[in-house]
Amino acid sequence: MATELGVTPSHGVPPISLSHNVASVAKVDAVLAQAREAGAGIEHPAAHQPWGGYSGYFSDPDGFHWEVAFNPTWAVDSTGHVTV
């Protein structure tokens, strides 16, 4: 997360992000757009990642970072169930 967001981890509690995995690149873009429309701050625009997927980050009103990710090696079914 630190590398993708371009932040340096601080001392104390390690940084965490919550991840919402989706079934396609287009879905990543759609979820980030929905988050932005709802007032979330886009912390890192969606981009193709070195690990082979596509992801971006937004922050919610409480300051938590959310990753929205598509991983081509994972299957996400219509109910949102992820199979690794």
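## Overall layout

How many helices and strands does the protein chain have? There are two helices and six strands, and along the sequence they follow the pattern α-β-α-β-β-β-β-β. Please keep in mind as you look around that this is a predicted model.

The protein chain has 84 residues, of which 29% count as buried. About 5400 Å² of the chain is exposed, and carbon and sulfur atoms supply 58% of that area. Among contacts between residues at least 6 apart in sequence, 40% join residues at least 24 apart.

## The nonpolar core

Let us start on the inside. Which residues make up the largest nonpolar core? The set has ten residues in all: Val-22, Val-28, Val-31, Leu-32, Ala-35, Ala-40, Tyr-54, Phe-58, Val-68 and Phe-70. Helix 2 (25-37), strand 3 and strand 4 each supply at least two residues of this core. Helix 2 gives the most, with four residues.

Val-22 is a good member of the core to click on. Setting aside neighbours within four places in sequence, Val-22 is in contact with Lys-27, Val-28, Val-31, Val-68, Ala-69, Phe-70 and Val-76. Several of these partners, including Val-28, Val-31, Val-68 and Phe-70, belong to the core as well.

## Phe-58 and its stacked partner

Another core residue to visit is Phe-58, which is found in strand 3. Is Phe-58 buried or exposed? Phe-58 counts as buried because its relative accessibility is 13%, and the cut-off for buried is under 20%. Not counting residues up to four places away in sequence, Phe-58 touches Leu-32, Ala-35, Ala-40, Gly-41, Ile-42, Glu-43, Phe-64, His-65, Trp-66 and Val-68. One of these, Ala-35, is 23 residues from Phe-58 along the chain, and the C-alpha atoms of the two are separated by 7.3 Å.

The count of aromatic pairs comes to one. That pair is formed by Phe-58 and Trp-66, which are stacked, with 6.2 Å centre to centre and 5° between the planes. Phe-58 is the buried partner, at 13%, whereas Trp-66 is partly exposed, with a relative accessible area of 28%.

## A nonpolar patch on the surface

Now to the outside. Which residues form a nonpolar patch on the surface? They are Ile-16, Leu-18 and Phe-64, and together they have about 280 Å² of accessible area.

Where does Phe-64 sit? Its place is in the loop between strand 3 (54-59) and strand 4 (65-70). Phe-64 counts as partly exposed because its relative accessibility is 41%, which falls between the cut-offs of 20% and 50%. Phe-64 is also among the residues that Phe-58 touches, so this patch member is in contact with a residue of the core.

## Strands 1 and 2

Ser-19 lies in strand 1 (residues 18-21). At 36% relative accessibility, Ser-19 counts as partly exposed. Beyond residues up to four places away in sequence, Ser-19 touches Glu-67 and Ala-69. The C-alpha atoms of Ser-19 and Tyr-57, 38 residues apart along the chain, are separated by 8.9 Å.

Tyr-57 also serves as a reference point for Ala-46, a residue of strand 2 (residues 41-48). Here the two residues are eleven apart along the chain, with 7.2 Å between their C-alpha atoms. Ala-46 is partly exposed, with a relative accessible area of 22%. Leaving aside neighbours within four places in sequence, Ala-46 is in contact with Val-28, Asp-29, Leu-32, Tyr-54, Ser-55 and Gly-56. Among them, Val-28, Leu-32 and Tyr-54 are core residues.

## Val-76 in strand 5

Our last stop is Val-76, found in strand 5 (residues 75-76). What does Val-76 touch, not counting residues up to four places away in sequence? The partners are Asn-21, Val-22, Ala-23, His-81 and Val-82. One of them, Ala-23, is 53 residues from Val-76 along the chain, and the C-alpha atoms of these two are separated by 5.2 Å. Another partner, Val-22, takes us back to the largest nonpolar core.

Terms used: Residues are numbered from 1 along each chain as its sequence is written. This is a predicted model: local features need pLDDT of at least 70, side-chain atom pairs count only at pLDDT 80 or more; totals for chains, interfaces and linings use all residues. Side-chain values use heavy atoms; hydrogens and water are left out. Patches are made of residues with over 30% relative accessible area and no salt bridge: like charges are joined within 9 Å, nonpolar side chains (Val, Leu, Ile, Met, Phe, Trp, Tyr) within 5 Å. Accessible areas come from the Shrake-Rupley method with a 1.4 Å probe; for residues, only the protein chains shown count as cover. A salt bridge is a side-chain nitrogen of Lys or Arg within 4 Å of a carboxyl oxygen of Asp or Glu. Buried means under 20% relative accessible area, exposed over 50%, partly exposed in between (1.4 Å probe, protein chains only). Rings of Phe, Tyr and Trp (its six-membered ring) pair if their centres lie within 6.5 Å; planes under 30 degrees apart count as stacked, over 60 as edge-to-face and the rest as tilted. Contact means heavy atoms within 4.5 Å. A nonpolar core is a set of buried Ala, Val, Leu, Ile, Met, Phe, Trp, Tyr and Cys residues joined through side-chain atoms within 4.5 Å.
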